[in-house]
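Open the model in your viewer and keep the sequence panel beside it. The tour below goes stop by stop, saying what to select and what is found there.

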Amino acid sequence: MQSAEKAKPADGAAAALLAALTQKRRLDAATPKESALWLLDRLLPDAGVNNVPLAVRVDGRLDTAALQAAVDALVRRHEVLRTVYLDRQAGLVREVLGEDTPAPRVEVHDIVAGVPEKALREFAATPIRCDGRLMLRVAVFRGPDADTLAVVVHHLVFDAVSVPVLIAELAAAYDARATGRDLPDELRAPAPALRDAAPREESLAYWRSALDGFDPAGLDLDCTRLAPARATLVGDTVLRVLDDETRDLVRGLQRTLRAPEAVILLTAFCLLLAAHGAGPDLVVGSPVNIRPPEAQSAIGYHVNTLPLRLTVDSGRGFRDLVKEARTAFFGALAHSDVPVDAIAHETVRETVSWRDTLFQHMFNYVPVEPAQPLTLGGVPARPLHLETGFSKFDLELFVQSGADHIGLRVLYCSEVLDRADAEALAHRYATLLHTVAAEPDRPVGELDVWSAEDRALPGPGTARSVPDTAVDADRDLDAFRTAPDGSALGLADAAARCAADGGYPYVVHPLDARHVAVVGRAGNRLPAGVRGEVCLVRPDGATHVATGWTGSLRRDGALELYGHAERAALLHGRVVHPERVEAVLLAHPEVTGAALAVADGTALAFVTADERPGLADDVAGHAARLLPRAVQPARVIRTDVLPLRPDGGWDTAALLASAAAEPESELDDPGGLVGDLRGLWRDLLDLAEPADANADFFSLGGHSLLGAQLVQRVDDVTGTRIRLADLFDNPTPRSLARHLRALRDDS
């Protein structure tokens, strides 16, 4: 995963410290690509998000002594498996240990009964730390009748291409040791670590041009859930094999459109994303093996992720999009020597989360050759699919293409996508392949991507409808309940009652689902799980009346409301529904009323509550704990009354005027904590004077590597340990001081 922001080598005092360490212990400063993985470990220290697992199962028992000898031999042979990393204040450093370095001990776990899937997953998800120890673990899980060998290696020294190489060498070494034979000559030969070549200036220039002007804020999907305040990257997987008809259609498109299968499937994936609200300017990450031809069997981290950019113009046909994707695909391959982390800091974007990256969707195309028989000690072994339970991105589509099949593995972040939504995306992708094969020249904006499964769900279907204006008779359609067995209310009254109960999003139940539709930008009705404009459908089924609400149908027939479309605002490039923020503010025990006003890209929260010192700061801290930073109010203002317009909505102009007339009060800074942090901002960002109490570390030029150093400095100065993610959530001296005080109070 690329770094959250500006992953580049440290400079100044940090660089001097790295140089001193290098001279003393023969350490090398990590590359930007390596530092990006380390930063992800720092952000999620309790998660094995960078683990690469593999597992094989054999009938019978494995000889653990022979297995240990085989692991010893591979560690002795491969320099990369003896490469360790150390987490230093100045950044990440790398060291290669000697050939006499002992390999990790093979763990043995007894499984009383059943298949050890749960134990395997826990083993795969246990983090491997950059603490100077070897970056791999090996275990045997003993079942009643079969043993399972599991290996987990950190991504810093391993990638997917390394998996079959390691399995084959481990099997050969095990067979030799189990039978008392000497190791084969090829397993005795030292394998020096392969170092990636430095990026060419020509390639750097290519990517600067290719990504010029791209705004990642447009990548959000209309089917993703509201992001949590603190991401954990917990993920899950949906597996699907395309049927023979779909496979043949894809192979037919190869010939018709004169493009590789990978390009056909990539273009369809981009079209699927666009149909769910992303783009039209899209960047999708696609990993590529950068090993030179003579070193294809080198174990290590030798993959670069290419940020493939495609504009999905709704007026163009699929054939034209494939041509553009083909050009982008081959141009990227010709300049694949540039890790995305080396150029990510050059793109213009506002960092409001460590997950703000150039892309949130991945496409990974893997040609699959027929599997060679695998044995361990002469006993047949079968590979197992093993997941860590994490997803670095919102959505990753892995395509495994064989001679007679095309398999899909959809890996998704469970925090933003439900399993039902991930399954629906897999179904829609297959449907879309049929659609574009039948009409490759039809404008893609006219194509229907919804699947048969979508049409079988409750609701009015997905046929297009024609908007119309409301009439008195339409009031009969506006009937909802706040609970399945509740009394009938108008939509606005039902939403108001849900808001008063503190729920968000507001869930209402239509009396008649045939009278409700969620409509997309192009006027087409959307299936369950996809956000759009909530409309009332007239009995003729052909016209609809807009309600002004943004929402989505649920699979049980209920309707989720996110807010009034006219109140939606842009904050940090993202659409924000003030109702969400207001619901969080109202959850504070002292707040009796809340309104959010957005002006010039800044959100101000107004609350009614009894006046007391520190109230606004406490409410701001409450919001920071429950909301992602992108939607947190910049300031909380206590007021005696929240003014209303004649139509009943908040009088935003009056609220903003009152804020302007009442300048922000001086900060109460017990113990001088904010002052200390302002000094740290100055030192690390090389400012002429201490930073303002509300100065955003990342807006002033800070990046993840500097942030890691700041976290260490905060520990040194305050004696309180925080995580790098805490800095992203609290990027100003004032907000970080509030967070530090809360940590002290909790402890």
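Select Leu604 and Arg635. Arg635, in strand β27, is the bridge partner of Leu604. This is a predicted model, and every stop on the tour should be read as such.

Now widen the selection to the two strands around this pair. Strand β26 covers residues 602-608 and runs parallel to β27, with five bridges between them. Strand β27 takes in residues 635-639. Is β27 largely enclosed by the rest of the structure or not enclosed? Four of its five residues are buried, so β27 is largely enclosed.

Add β25, residues 593-599. The three strands make an open sheet in the order β25-β26-β27, and its pairing is mixed. β25 and β27 are the edge strands with a single partner strand each, so each has one side without a neighbour in the sheet. From one strand to the next, the twist averages 25 degrees. The mixed pairing can be followed strand by strand: β26 and β27 are parallel, while β25 and β26 are antiparallel and share seven bridges. To see one place where β25 meets β26, select Ala599, which stands opposite Thr602 in β26. In general, strands of a sheet pair through backbone hydrogen bonds, either parallel or antiparallel.

Next, show residues 652-661. This is helix α16, which lies across β25, β26 and β27. Its direction is at about 90 degrees to β26.

Move on to a pair of helices: α17, residues 673-685, and α20, residues 733-746. Two packed helices are described by the angle between their axes and the distance between the axes. The axes of α17 and α20 come within 9 Å and cross at roughly 130 degrees. That angle makes α17 oblique to α20. The crossing of α17 past α20 is right-handed.

Show the side chains where these helices meet. On the α17 side, select Leu673, Val674, Leu677, Arg678 and Trp681. They meet Pro733, Arg734, Leu736, Ala737, Leu740, Arg741 and Arg744 of α20. Which classes of residue make up this contact? Eight are nonpolar and four are charged, with no polar residues.

A second helix pair joins parts of the chain with very different numbers. Select α2, residues 32-43, together with α18, residues 704-718. Their axes are 10 Å apart and the packing angle is about 40 degrees. α2 and α18 are therefore oblique to each other. In this pair, α2 passes α18 in a left-handed crossing. Ser35, Trp38, Leu39 and Arg42 of α2 make the contact with Ser704, Leu705, Ala708 and Val711 of α18. By class, five of the residues in the contact of α2 with α18 are nonpolar, two are polar and one is charged.

Go next to a small sheet. Three strands form an open sheet in the order β1-β4-β3, with antiparallel pairing. β1 (28-29) and β3 (83-88) are its edge strands, each pairing on one side only. Strand β4, residues 91-96, is joined to β1 by two bridges. Select Ala29 to find Val93 of β4 opposite.

Then select strand β13, residues 379-384, with strand β2, residues 51-59. These two strands are antiparallel and pair over four bridges. Val58 has Ala381 of β13 as its bridge partner. β13 also pairs with strand β12, residues 374-376, in the antiparallel sense over three bridges. Here Leu376 is bridged to Val379 of β13. Two residues lie between the strands in the hairpin of β12 and β13, where Gly377 takes a positive phi near 65 degrees.

For the last stop, follow the chain past β13 to Phe390, in the loop between β13 and β14 (395-401). Is Phe390 buried or exposed? Phe390 has a relative accessible area of 15%, which means that this residue is buried. Show Val234 as well: the C-alpha atoms of Phe390 and Val234 are 4.4 Å apart, although 156 residues separate them along the chain. Leaving out residues up to four places away in sequence, Phe390 touches Ala47, Gly48, Val49, Ala125, Thr232, Leu233, Val234, Gly235 and Leu411.

Definitions and conventions:
Residues are numbered from 1 along each chain as its sequence is written. This is a predicted model: local features need pLDDT of at least 70, side-chain atom pairs count only at pLDDT 80 or more; totals for chains, interfaces and linings use all residues. Side-chain values use heavy atoms; hydrogens and water are left out. Axes are lines fitted to C-alpha atoms, for helices over the stretch in contact, and angles run from 0 to 180 degrees between N-to-C directions. Angles under 35 degrees count as roughly parallel, over 145 as roughly antiparallel, 65 to 115 as roughly perpendicular and the rest as oblique. A crossing is left-handed if the near helix is turned anticlockwise from the far one by less than a right angle, and right-handed if clockwise. Contact means heavy atoms within 4.5 Å. Ala, Val, Leu, Ile, Met, Phe, Trp, Tyr, Cys and Pro count as nonpolar, Asp, Glu, Lys and Arg as charged, and the others, Gly among them, as polar. Two strands pair if DSSP finds at least two bridges between them. Buried means under 20% relative accessible area, exposed over 50%, partly exposed in between (1.4 Å probe, protein chains only).
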